[in-house]
Amino acid sequence: MTTKRLRVIVLVCSTRPNALGPAVGKWFTDTLGPCADLLSVDLVPLAIGDLGLPFLDEEEHPAAGVHAHEHTRRWSRIVDEADGFVFVTPEYNYGMPATLKNALDFLGPEWAWKPAGFVSYGHTSAGTRAVQHAKQVVTTLRLVPLGATVALRIADALREERLEPEARHAEAAEGLLEELVRVARALTPVRERSAATVEGPLPGSYARRLGPDDAGQVLVLQRCCWTEEALANGTLAIPALHESPADVQAWLAAWDATGLWRDGRLLGLVRTCRVDGDLHVGRLAVAPDLRGLGVGRWLLRQAEAAGDGCARIVLSTGAASHRNIALYRRQGYVPLPEAHETGVMDLAKAVAV
């Protein structure tokens, strides 16, 4: 699971002129600014009225993900890039506004496996019946509604026509955001698994490109794997054991790195880069408890697939890392006559044409 900042859309759902919704949305984002920073969340205010969405006018079913109109494509990008949502909604006749229902109906897969919180406002019920109505709809879209809510009774929240919610409302808002963050991070592996295009070698596993936000998990996996290398080679002078999180972030940004994941756990990784016509493969790592299951061979094949146009593939390992050397030899690699440093074996194989 990555540690990237979460992007949460705070969507004001009423389009009625002079509605209270914009003021409620602003109160929510302003009140939670410090809390959002502590939780590594970006709160993005947005109003349905600014989206330019007509009543649903797409010919294809939303589940197809085929959008003919630019207003739908824009809305799709906004929702797809978000990690969660807070719907700021009034209650109209015991239900949610038609504008919110319409905005939900435009899309399908973009909503899936993301948390949905609600800030409601109204008179007698403080908008809570609108929230119950909306929850029936969002669960069908595989959004995950939160238990924590904020409900503002207008008579209690207005002071001389100014919106001034009570301290308990601010506490409820913080509780909502904290729950949203927990659920969003817990759902990240589910979203990634659903969107995965490269199936891994183990049941339920998948591969994706690694980026700087994955540095924490990469650092832990490196320490586990290269501690054994240090013992086998009798030296602690192994870069992977001494890199800081910033060092890992730097090479993740510079190399093409692939990670194998399952249920939010990084199972293995490999990185590649091209240098003077050669494809260099490095940091091939497999979690110690998964050795012997073919994960290393699978990751190596994924790396080698990037070798088109190269003359050969080059990699290195400790001169006493006999398990690694045996693996590479079985995959067609042969030792080079001179190592680039003492205690290291360099191996290479030609790229098939």
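Is R283 buried or exposed? The structure before you is a predicted model, and I shall begin with that residue. R283 has a relative accessibility of 13%, and because buried means under 20%, R283 counts as buried.

Let us look at the surroundings of R283. The residue belongs to strand β12. Its side chain makes two polar contacts that I wish to point out. One, of 2.7 Å, is with the side chain of Q222; in the other, the side chains of R283 and E243 are joined at 3.0 Å. Beyond its neighbours within four places in sequence, R283 is in contact with a set of residues that includes W226, P239, A240 and W251. L269, V270 and R271 also belong to that set.

This brings me to the strands in that part of the chain. β11 and β12 run antiparallel and are joined by seven bridges. Within this pairing, T272 stands opposite V281 of β12. On its other pairing, β11 is matched with β10, residues 256–262, again in the antiparallel sense and over seven bridges. Here G259 has L269 of β11 as its bridge partner, and L269 is also one of the contacts of R283. As a general point, strands of a sheet pair through backbone hydrogen bonds, in either a parallel or an antiparallel sense.

The turns deserve attention as well. The hairpin of β10 and β11 has two residues between its strands, and D263 there takes a positive phi near 55°. The hairpin of β11 and β12 likewise has two residues between the strands. In that turn, D276 has a positive phi of about 50° although it is not a glycine. D276 is exposed, at 78% relative accessibility. A further case is E160, which lies in the loop between β6 (158–159) and β7 (162–163). Its phi is near 50°, a positive value in a residue other than glycine, and with a relative accessible area of 71% E160 is exposed.

I turn now to the parallel sheet. Five strands make up this open sheet, in the order β2-β1-β3-β4-β5. The edges are held by β2 (41–47) and β5 (144–153); each has a single partner strand, so one side of each is left without a neighbour in the sheet. On average, neighbouring strands of this sheet are turned by 20° against each other, direction ignored. Within the sheet, β3 (residues 84–90) and β4 (residues 115–122) pair over six bridges in the parallel sense, and F87 stands opposite F118 in β4.

Two helices lie across these strands. Helix α3, residues 70–81, lies across β1 (6–12), β2 and β3, and runs at about 130° to β1. Helix α7, residues 167–195, lies across β1, β2, β3, β4 and β5, and runs at about 165° to β5.

Finally, the cysteines. How many disulfides does the model contain? The count comes to zero. For C224, the closest cysteine sulfur is that of C225, at 6.4 Å; because a disulfide requires the sulfur atoms to be within 2.5 Å, this pair is too far apart for a bond. C224 is partly exposed, at 39% relative accessibility, whereas C35 is buried, with a relative accessible area of 11%.

To close, I return to R283: a buried residue in strand β12, with side-chain polar contacts to Q222 and E243.

Definitions and conventions: Residues are numbered from 1 along each chain as its sequence is written. This is a predicted model: local features need pLDDT of at least 70, side-chain atom pairs count only at pLDDT 80 or more; totals for chains, interfaces and linings use all residues. Side-chain values use heavy atoms; hydrogens and water are left out. Helices (H or I, at least four residues) and strands (E, at least two) are DSSP runs, numbered from the N terminus. Buried means under 20% relative accessible area, exposed over 50%, partly exposed in between (1.4 Å probe, protein chains only). A polar contact is a pair of N or O atoms within 3.5 Å; within protein, one must be able to donate a hydrogen and the other to accept it, and residues adjacent in sequence count only if both atoms are side-chain atoms. Contact means heavy atoms within 4.5 Å. Two strands pair if DSSP finds at least two bridges between them. Axes are lines fitted to C-alpha atoms, for helices over the stretch in contact, and angles run from 0 to 180 degrees between N-to-C directions.
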